[in-house]
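Here's a quick tour of one chain, going from the overall picture to the sheets and the helices around them. Keep the viewer open while you read.

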Amino acid sequence: MRQLARRLRRGRDGARLDADADAPEYQPPAVEADEGVQNSLFGEILDWMLAPLLLLWPMSIAITYLVAKSIANQPFDHALEDSVTVLAQQVRSVDGKIIKSLPGSARDILRADDVDNVYFQIHGPRGEHIDGDRDLPPPADEEERFRAGSVRFRNDSMHGTPVRVAYSYVRLERVGDAEPQLALVQVAETLEKRAQLANEIIKGVILPQFIILPIVLALVWFALARGLSPLAQLQERIRTRGSDDLSPIASSDVPEEITPLVRSLNEMLARLSLSIEMQKRFIADAAHQMRTPLAGMRMQSELALRQTDSGEIHRSLEQLAKSSQAATRLVNQLLALARAENQPQAGTAMQPLELSELARGVVRDWVQASFAHRIDLGFEAPPAPVQIVGDPTMLRELLSNLIDNALRYTPAGGSVTVRVRGNHGEPGYLEVEDTGPGIPPGERERVFERFYRILGHTAEGSGLGLAIVREIAQQHGAEVDIFSNPRSLQAKLPGCLFRVGFPLPPAPPADEEEPPHYG
């Protein structure tokens with residue numbers, strides 16, 4: 001028989017078989033999320049509706065105030081324009097001298113205002129003061145002098161008080177060949193009436209908003225409560241369901257926006273129903289399978305108690321030991337299958353590992369069992385390391401079940417070979433090759449079912465090993481295929497080849513340096 005040590009030397013030189021390396025690394029406990037913080041859909045929508053409203057409201061007040069000021073300026077500007085026009089008509093030139101024909105009563109009427117202070121001023125062509133208030137400042141734009149006859153407006157100040165000024169240049173009569181002369185006429189008033197009118201406009205616009213705004217808030221609140229009522233109804237329908245009611249939720253009575261949620265919930269209920277059904281069937285099958293070895297153990301123990309011959313007692317105890325061994329193996333496989341089904345696909349146990357090192361350690365653990373079966377167990381390593389991402393404990397369970405299955409079905413004198421294939425940057429493959437009776441193509445899909453055994457095979461087993469293999473492979477995103485052994489030389493025993501193909505591990509980040517590769 002070939003020795004395992006000789007076949008292990010086919011792998012990389014200097015490879016270490018360290019049991020401590022197989023132990024899973026310590027993982028810190030996950031930080032628990034704060035479950036007390038919850039977002040309210042009602043509050044979220046209300047915030048997004050009221051926040052812009054409360055932000056736009058001050059902006060609307062500011063815009064309304066500017067519009068009100070513009071509206072308030074128009075009638076008073078027209079009054080100032082009329083005053084400037086009337087005053088300009090009273091200014092004329094006689095023999096080169098400016099004469100104003102403004103009687104005292106007209107002057108009193110011009111200044112008659114109970115709210116604002118009114119100022120007027122008349123300047124000659126050379127800037128000399130003719131009449132009115134001397135302190136009223138002249139226009140700063142000299143180009144306006146060439147627009148005689150038109151009335152212009154500007155904002156200025158008089159004795160530190162803001163005023164609105166209307167002014168116009170009056171063209172005087174030409175004396176001889178001299179150029180025409182221009183006289184400046186200005187009328188100004190303070191802004192009290194304008195401010196009062198603007199405030200009245202603001203009050204007329206803003207005060208109704210204080211009444212309308214609470215009504216709008218109440219309507220928004222009512223509309224949100226009314227719009228979200230289907231969610232409350234759906235919640236009540238789900239709450240009143242029985243614990244065993246996994247039937248789909250009718251989506252005809254829910255709004256269109258909630259239909260995807262209901263559809264996803266129905267899909268989850270369908271998956272949950274299927275899972276519960278599988279668990280029930282699994283428990284029923286497990287109970288049926290456990291009944292056989294337990295019944296045998298009870299029968300053998302009762303038979304041993306009735307025997308008086310020591311030889312018969314010894315044979316009964318041997319059968320009792322075999323039955324207990326089969327029951328122990330069945331229980332262990334049931335626990336392994338339950339652990340594989342409950343293993344999260346992206347759990348904290350997933351870590352980078354080298355496939356050939358893991359396979360070498362598992363093969364070493366099965367050497368003594370291969371001696372007991374008189375089967376040549378070997379291992380063939382790849383020329384380069386094969387990196388995968390997985391749970392070391394679950395992958396050891398996967399390979400152990402494949403080796404156990406091969407040893408049980410391979411007759412004495414046969415061989416079982418564990419092989420790892422793959423190159424750097426390529427998917428990794430784990431193969432278990434035997435020289436047993438093989439599996440017909442029509443049975444290769446069904447052998448992965450729980451408690452299924454091919455008729456006509458006398459090898460001991462519970463039919464759970466390959467089910468565990470498939471479950472663990474699915475957890476790692478791997479695929480399990482069954483082929484005939486291409487190297488088998490026995491025509492009556494074609495052999496079998498189990499191949500587990502692993503996906504490529506995720507690429508490292510660009511900013512991380514790739515570890516050196518040794519061929």
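## The chain overall

Of the 519 residues in the chain, 36% count as buried. Keep in mind that this is a predicted model. The secondary structure comes to eleven helices and 14 strands.

How much of the contact map joins residues at least 24 apart? Taking contacts between residues at least 6 apart in sequence, the share is 66%.

## The antiparallel sheet

Let's start with the sheet ordered S4-S3-S7-S6-S5, an open one of five strands with antiparallel pairing. S4 and strand S5 (152–158) sit at the edges with a single partner strand each, so one side of each has no neighbour in the sheet. Ignoring direction, neighbouring strands here are turned by 25° against each other on average. Helix H2 packs on this sheet, where it touches S3, S5, strand S6 (161–171) and S7. The direction of H2 makes about 145° with that of S7.

As a reminder, strands of a sheet pair through backbone hydrogen bonds, either parallel or antiparallel.

## A closer look at S3

Is strand S3 (residues 118–123) mostly covered or mostly open? It's mostly covered, with six of its six residues buried. In a regular strand the side chains alternate between the two faces of the sheet. For S3, one side carries Val-118, Phe-120 and Ile-122, the other carries Tyr-119, Gln-121 and His-123, and every one of these is buried. Both faces of S3 are therefore covered, with buried meaning under 20% relative accessible area.

S3 has a partner on each side in the strand order. Six bridges tie S3 to strand S7 (residues 182–190), and the two run antiparallel. In that pairing, Phe-120 stands opposite Val-187 in S7. Three bridges join S3 to strand S4 (residues 129–132), again in the antiparallel sense. There, Ile-122 has Asp-131 in S4 as its bridge partner. S3 and S4 form a hairpin with five residues between the strands, and Gly-127 in that hairpin takes a positive phi near 85°.

## H2 against H4

H2 spans residues 41–89, and helix H4 covers residues 192–227. Two packed helices are described by the angle between their axes and the distance between the axes. In this case the axes come within 9 Å and cross at roughly 160°. Angles over 145 degrees count as roughly antiparallel, which is why H2 and H4 get that label.

What does the contact of H2 with H4 consist of by class? The tally is 29 nonpolar, five polar and four charged residues. As for handedness, the crossing of H2 and H4 is right-handed.

## The mixed sheet

Further along the chain there's an open sheet of five strands, in the order S9-S11-S12-S14-S13, and its pairing is mixed. Its edge strands are S9 (376–380) and S13 (479–484), each pairing on one side only. From one strand to the next, the twist averages 15°.

Inside this sheet, strand S11 (residues 415–421) and strand S12 (residues 429–434) run antiparallel and are joined by six bridges. Arg-419 faces Glu-431 in S12, the two standing opposite each other.

## Helices across the mixed sheet

Helix H8 (residues 355–365) lies across S9, S11 and S12, running at about 165° to S9. Is H8 enclosed or open? Eight of the eleven residues of H8 are buried, so it is largely enclosed by the rest of the structure. The buried residues of H8 include Leu-355, Leu-358, Val-362 and Val-363, and also Arg-360.

Helix H10 (residues 392–409) lies across S9, S11, S12 and strand S14 (496–501). Its direction is at about 15° to S12.

## Phe-371

One last stop is Phe-371, which is in helix H9 (residues 367–373). Phe-371 has 36% relative accessibility, so it counts as partly exposed, a class that lies between under 20% for buried and over 50% for exposed. Its C-alpha atom is separated by 9.8 Å from that of Ala-412, a residue 41 positions away along the chain.

Methods. Residues numbered from 1 in each chain as written. Predicted model: local features only at pLDDT ≥ 70, side-chain atom pairs only at ≥ 80, totals over all residues. Heavy atoms only, no water. Pairing = 2+ DSSP bridges. Helix = DSSP H or I, 4+ residues; strand = E, 2+ residues; numbered from the N terminus. Axes fitted to C-alpha atoms, helices over the stretch in contact; angles between N-to-C directions. Contact = heavy atoms within 4.5 Å. Parallel < 35°, antiparallel > 145°, perpendicular 65-115°, else oblique. Left-handed = near helix turned anticlockwise from the far one by under 90°. Nonpolar A, V, L, I, M, F, W, Y, C, P; charged D, E, K, R; others polar. Buried < 20%, exposed > 50% of the residue type's maximum accessible area, 1.4 Å probe, protein only.
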